[in-house]
Each structure stands twice: as C-alpha cells, then as structure tokens.
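Welcome! Below are a few short exercises, each followed by a worked solution. Have a look at the structure before you start.

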Amino acid sequence: MLNLSSKTDQGVKRSREAWFSKISRLFDRSSVEEDTWEELEELLIAADVGVATAEELIQRTRKYAREEKLREGSQVRSALKVEMVNLLKVDDNGNFLDSGIRQVILVVGVNGSGKTTSIAKLAYVLSKKGKKVILGAADTFRAAAIEQLKHWGQEIGVDVVAHQPGGDPGAVVYDTLQAAQNRQADVVIIDTAGRLHTKFNLMEELKKVQRVASKYDINQETLLVMDATTGQNGLAQARHFTEATGVSGIFLSKLDGTAKGGIVLAICHELKLPILFIGTGEQLDDMAPFDAEGFVEAIFS
Ligand SMILES: Nc1nc2c(ncn2[C@@H]2O[C@H](COP(=O)(O)OP(=O)(O)OP(=O)(O)O)[C@@H](O)[C@H]2O)c(=O)[nH]1
Ligand SMILES: [Mg+2]
C-alpha cells in the first residue's frame with residue numbers, strides 16, 4: 001500500500017523547510033499586528049503563491065479573524081490553514097480514476113513536464129488496485145519515447161500498444177482503444193508528445209487524437225501534466241491547454257523538486273482546475289492523490 005501522507009510529506013519537504021515553516025513561525029507571536037500580515041504576504045509570494053492569490057488568501061483570513069475576534073497568533077494560524085484548504089477545494093466531479101467506469105485518459109503537457117513518468121505511476125497504482133490497464137504510445141516523435149513507455153509497461157506488467165516512430169498518433173489511439181475493447185481493459189492511458197502550448201499544429205493534432213477517442217463508447221478525460229518547478233510560467237501554459245483541448249484535471253509532477261510549492265494554491269485559485277495527483281519523486285510509487293487538508297497539514301507540519 002502507498003503511504004499517502006508520507007508521500008505528500010516527501011513531496012513538500014523543500015517547500016516546508018524553505019517557506020512554510022517561516023510562515024508558521026510568524027504566528028508564534030502572541031498578537032498579530034499589521035506588520036505580521038505584510039510579512040505573510042512577502043513569504044507567500046516568495047513561495048510562489050502569486051500576488052493575486054496571496055492577497056485573496058490574506059483578505060479572507062483577516063476577515064475571518066476579525067469576525068471571530070481572533071487575536072492570538074496560533075488562532076490566526078489555524079484560520080489561515082482553513083482558508084488555504086477552502087482555496088484548494090476546486091469544484092470538480094471527484095477523481096475520475098475512482099469512478100469505476102471505463103476510461104481513456106489522454107495525457108498532455110509541455111516537453112519534459114513528466115508525462116511518461118506520471119503515466120507509469122498511474123498505471124502502477126491502478127494495476128495494484130486490480131484494474132486492467134493498457135498504455136498507448138501516441139508520442140511517435142521520438143523512438144526513445146516509445147521505448148521509454150514500453151520499458152515502464154514491462155516493469156509494471158501492462159500492455160503497451162505502439163507503432164513505428166514517425167507514425168500517426170491518431171492511428172495509435174485507434175489501435176489502443178481497439179485492443180482495450182478486445183482485452184476488456186478498464187483504463188486506457190495515452191502518452192502524447194510534449195508540445196509547446198503555442199504551437200498551433202501540435203495543438204490541432206491533440207484535438208484529432210481526442211476526436212479519434214471520442215468515437216469509442218468510453219469515458220474520455222484529459223490530464224494535464226504540469227511541472228511544479230516551472231512555477232508561475234506553468235499557469236500560462238495550462239491556460240493554453242485548457243483553451244485548446246479542455247483539461248479535466250492536473251497531475252502536478254516534481255513537487256519534490258521545488259521549494260516553491262505555493263504554486264499549488266495559485267493553480268487551484270487562478271485556473272479553477274483540480275489538482276488530482278502530485279508527483280513526489282522519480283520512482284513508480286512516488287505519487288499521491290492530491291488532498292487539500294493533507295497538503296496543508298504536510299506543508300505546515
Ligand atoms: N523529482 C521528480 N522527477 C520527476 C517527477 N516526474 C518526472 N520526473 C523526471 O522528469 C524527467 C522527465 O520526465 P518524462 O516523464 O520523460 O517527461 P515527458 O513529459 O514525458 O517528456 P517528453 O516526452 O520529452 O515531453 C525524468 O527525468 C523524470 O524522472 C517527479 O515527480 N519528481
Ligand atoms: Mg514523454
């Protein structure tokens with residue numbers, strides 16, 4: 001079994017040590033004054049929460065503290081944590097992977113964001129839950145990309161449908177879904193080539209892949225893999241992907257690699273997209289489903 005809370009701890013370790021322990025210590029004082037709020041804003045921005053989200057969070061916390069007549073530092077700290085959790089709870093339909101229905105998940109994102117690794121992690125977790133998973137190697141740009149997915153497939157023990165390098169990604173998706181039907185798979189995960197969100201043709205190619213998949217009677221979701229270390233730049237990328245292809249949720253990879261885990265708050269608040277999973281390292285089990293309360297506890301603990 002995955003120990004989820006320890007994976008989340010591992011993922012936010014650097015952020016906790018660099019910024020959130022400082023934020024927590026701000027409230028060790030007996031009373032909260034104007035300069036405490038100013039310092040809080042600076043620390044939140046340093047942690048990559050983003051100016052707009054930091055202001056919103058502070059405004060909500062101050063309002064709550066005023067209304068409830070909270071004066072002591074520790075009380076205000078608790079209020080801040082509650083408001084963080086509220087900000088992180090994006091209205092979504094829950095985690096589609098828990099729904100129990102047949103799924104095809106198209107995994108998209110910029111180059112090197114962690115798509116293929118995150119797919120392997122998902123396949124690993126789902127297989128352990130007893131689901132039959134098939135992977136489709138629709139990143140046909142590079143031979144190495146196909147090999148990388150096949151390697152993971154072998155390691156985990158799941159089938160990978162692949163064509164020759166240079167082939168048509170749509171044809172790979174078609175064959176993968178055909179195989180999924182024949183072999184009664186529960187979950188199909190499609191790896192796609194990394195692309196810059198600004199490249200029109202490549203975004204059109206993704207839409208074509210979505211159209212191929214939609215011909216099948218299977219629930220379709222698009223998972224955006226975002227690299228946590230790209231910080232605020234990642235937000236602009238995510239907006240482009242959302243506009244071009246629609247995005248059901250985010251797999252936030254490499255959270256372990258950044259001290260600026262405050263980006264999680266910016267993503268939820270500014271994009272209004274749910275973070276479904278976090279990546280916490282390079283191994284197969286280095287992931288956890290995202291959970292707002294668990295995240296806030298871990299980042300302050
Ligand atoms: N530390 C850490 N490294 C990660 C994580 N996820 C992925 N990586 C690493 O990031 C690098 C890129 O990962 P890939 O999965 O190949 O990324 P990709 O998006 O498929 O890349 P392209 O196919 O080239 O677009 C690899 O070295 C991975 O091991 C994570 O959660 N934590
Ligand atoms: Mg890849």
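**Exercise 1.** Which residues come nearest to ligand 1?

*Solution.* Keep in mind that this is a predicted model. Start with the shell: 20 residues lie around ligand 1. Of these, Gly114, Thr116, Thr117, Gly194 and Gly279 come nearest. Next, look at the helices: H5, which spans residues 115-128, gives the most to this shell, with 3 residues. Finally, sort the shell by class: 13 residues are polar, 6 are charged and 1 is nonpolar.

**Exercise 2.** Work out how helices H4 and H11 pack against each other.

*Solution.* First, find the two helices: H4 covers residues 73-88 and H11 covers residues 292-300. Their axes are 9 Å apart and make an angle of about 140°. Angles over 145 degrees would count as roughly antiparallel, and H4 and H11 are therefore oblique to each other. Their crossing is right-handed. Now see who meets whom: from H4 come Lys81, Met84, Val85 and Leu88, and from H11 come Ala292, Glu293, Phe295, Val296 and Phe300. By class, this contact has 7 nonpolar and 2 charged residues, and no polar ones.

**Exercise 3.** Is Val225 buried or exposed?

*Solution.* Begin by locating Val225 in strand S5, residues 219-227. Then count its surroundings: 26 other C-beta atoms lie within 10 Å. The cut-off for buried is 20 or more, so Val225 is buried. Leaving out residues up to four places away in sequence, Val225 touches several partners, including Val107, Ser113, Gly114 and Phe251. As a last step, compare chain and space: Val225 and Asn111 are 114 residues apart along the chain, and their C-alpha atoms are separated by 10 Å.

How values were computed: Residues are numbered from 1 along each chain as its sequence is written. Chains are lettered from A and ligands numbered from 1 in the order in which they are written. This is a predicted model: local features need pLDDT of at least 70, side-chain atom pairs count only at pLDDT 80 or more; totals for chains, interfaces and linings use all residues. A residue is near a molecule or strand if its C-beta atom, placed from the backbone, lies within 6 Å of it. Helices (H or I, at least four residues) and strands (E, at least two) are DSSP runs, numbered from the N terminus. Ala, Val, Leu, Ile, Met, Phe, Trp, Tyr, Cys and Pro count as nonpolar, Asp, Glu, Lys and Arg as charged, and the others, Gly among them, as polar. Axes are lines fitted to C-alpha atoms, for helices over the stretch in contact, and angles run from 0 to 180 degrees between N-to-C directions. Angles under 35 degrees count as roughly parallel, over 145 as roughly antiparallel, 65 to 115 as roughly perpendicular and the rest as oblique. A crossing is left-handed if the near helix is turned anticlockwise from the far one by less than a right angle, and right-handed if clockwise. Two residues are in contact if their C-beta atoms, placed from the backbone, lie within 7 Å. A residue is buried if 20 or more other C-beta atoms lie within 10 Å of its own, exposed if 12 or fewer, and partly exposed in between; C-beta atoms are placed from the backbone.
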